[in-house]
Amino acid sequence: MIITRRAVNAVLAMGGLAAFVGLSPLRLIGEAMAQSATATDVAKPVSLPDMALGPKDAVVTITEYASMTCPHCSRFAEDVFPKIKTDYIDTNKIRYVFREFPLDIKAAAGAMLARCIAKDDAGKYFAVIDTLFKSQDTWTGSNTTESLKLIGKQTGLTGDQVESCLKDQALLDKIAADQKYANEVLKVNSTPTFFINGDMVKGEIAFEDFKKKIDPLLKN
């Protein structure tokens with residue numbers, strides 16, 4: 001699926017994302033056919049620096065691809081991720097990487113805001129995406145721009161700064177480039193998609209299923 005400039009403008013008219021007018025199209029790639037990705041392919045950040053929690057030298061790395069408007073991603077963030085964080089991240093057993101894979105223009109807006117607020121602070125970034133997921137039903141409604149301004153205000157940004165963020169052409173291009181790489185090289189075509197040491201796991205899975213995959217790797 002490709003979001004054209006016409007489609008973006010239509011979304012803006014209906015969704016209140018006036019700050020997006022003038023941005024280039026964000027390409028949402030369909031499923032590609034090629035060889036499986038390797039752990040090295042997954043580990044490679046493309047355009048944007050990785051936002052990650054946990055030690056860089058952890059023996060287990062989980063990489064999540066998620067869309068800010070994805071309800072399955074939101075439920076995972078609320079129900080499963082806190083358990084992973086408590087049992088594995090906070091105890092320095094694993095490294096957890098979060099990467100944006102926006103499925104629509106509003107998801108791209110949320111991703112851009114999180115990047116602008118956090119800058120290079122991974123802890124702040126994870127806090128922002130947690131807020132976005134928890135308030136997903138609100139900011140994805142008819143007044144997206146105003147709702148995102150309120151979230152930005154909570155972190156110290158002015159309304160003008162939020163609008164400037166959402167008009168950042170270079171940032172949108174980097175998100176689109178990273179999404180393209182994830183689809184074409186890693187075969188990501190839905191959210192959430194996880195890679196556990198390079199092994200793909202798709203969908204909203206339970207903590208117990210993560211545990212079954214993580215624990216044997218920690219013992220090796």
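**Exercise 1. Determine which residue classes make up the lining of the largest cavity, and where that lining comes from.**

*Solution.* By class, the lining of the largest cavity comprises 6 nonpolar and 6 charged residues, with no polar ones. This result refers to a predicted model.

Step 1. A search of the whole structure for cavities of 30 Å³ or more returns 1. The space in the largest cavity amounts to about 100 Å³.

Step 2. Among the residues that line the largest cavity are Lys44, Asp50, Arg99, Glu100, Arg115 and Asp178; Pro45, Val46, Leu48, Pro49, Tyr65 and Tyr181 also belong to the lining.

Step 3. At least two lining residues are supplied by each of β3 (94-100) and α10 (169-184).

**Exercise 2. Establish the strand order of the sheet and identify its edge strands.**

*Solution.* Step 1. The open sheet is formed by 5 strands, ordered β1-β3-β2-β4-β5, with mixed pairing.

Step 2. β1 (51-53) and β5 each pair on one side only and are the edge strands.

Step 3. On average, neighbouring strands of this sheet are turned by 20° against each other, direction ignored.

Step 4. Helix α11 (residues 207-219) packs on the sheet and touches β2 (60-66), β3, β4 and β5. The direction of α11 makes about 150° with that of β2.

**Exercise 3. Describe the pairing of β4 with β5 and the hairpin they form.**

*Solution.* Step 1. β4 (residues 193-196) and β5 (residues 199-202) pair in the antiparallel sense over 4 bridges.

Step 2. Phe195 stands opposite Met200 in β5, and Ile196 has Asp199 of β5 as its bridge partner.

Step 3. The hairpin has 2 residues between the strands, and Asn197 adopts a positive phi near 50°.

Terms used. Residues numbered from 1 in each chain as written. Predicted model: local features only at pLDDT ≥ 70, side-chain atom pairs only at ≥ 80, totals over all residues. Heavy atoms only, no water. Pairing = 2+ DSSP bridges. 1 Å grid on protein atoms, 1.4 Å probe; cavity = no way out; pocket = protein on both sides within 12 Å on 5 of 7 lines; lining within 4 Å. Points joined across faces, edges and corners; volume = space filled by probe spheres on them. Nonpolar A, V, L, I, M, F, W, Y, C, P; charged D, E, K, R; others polar. Axes fitted to C-alpha atoms, helices over the stretch in contact; angles between N-to-C directions. Contact = heavy atoms within 4.5 Å.
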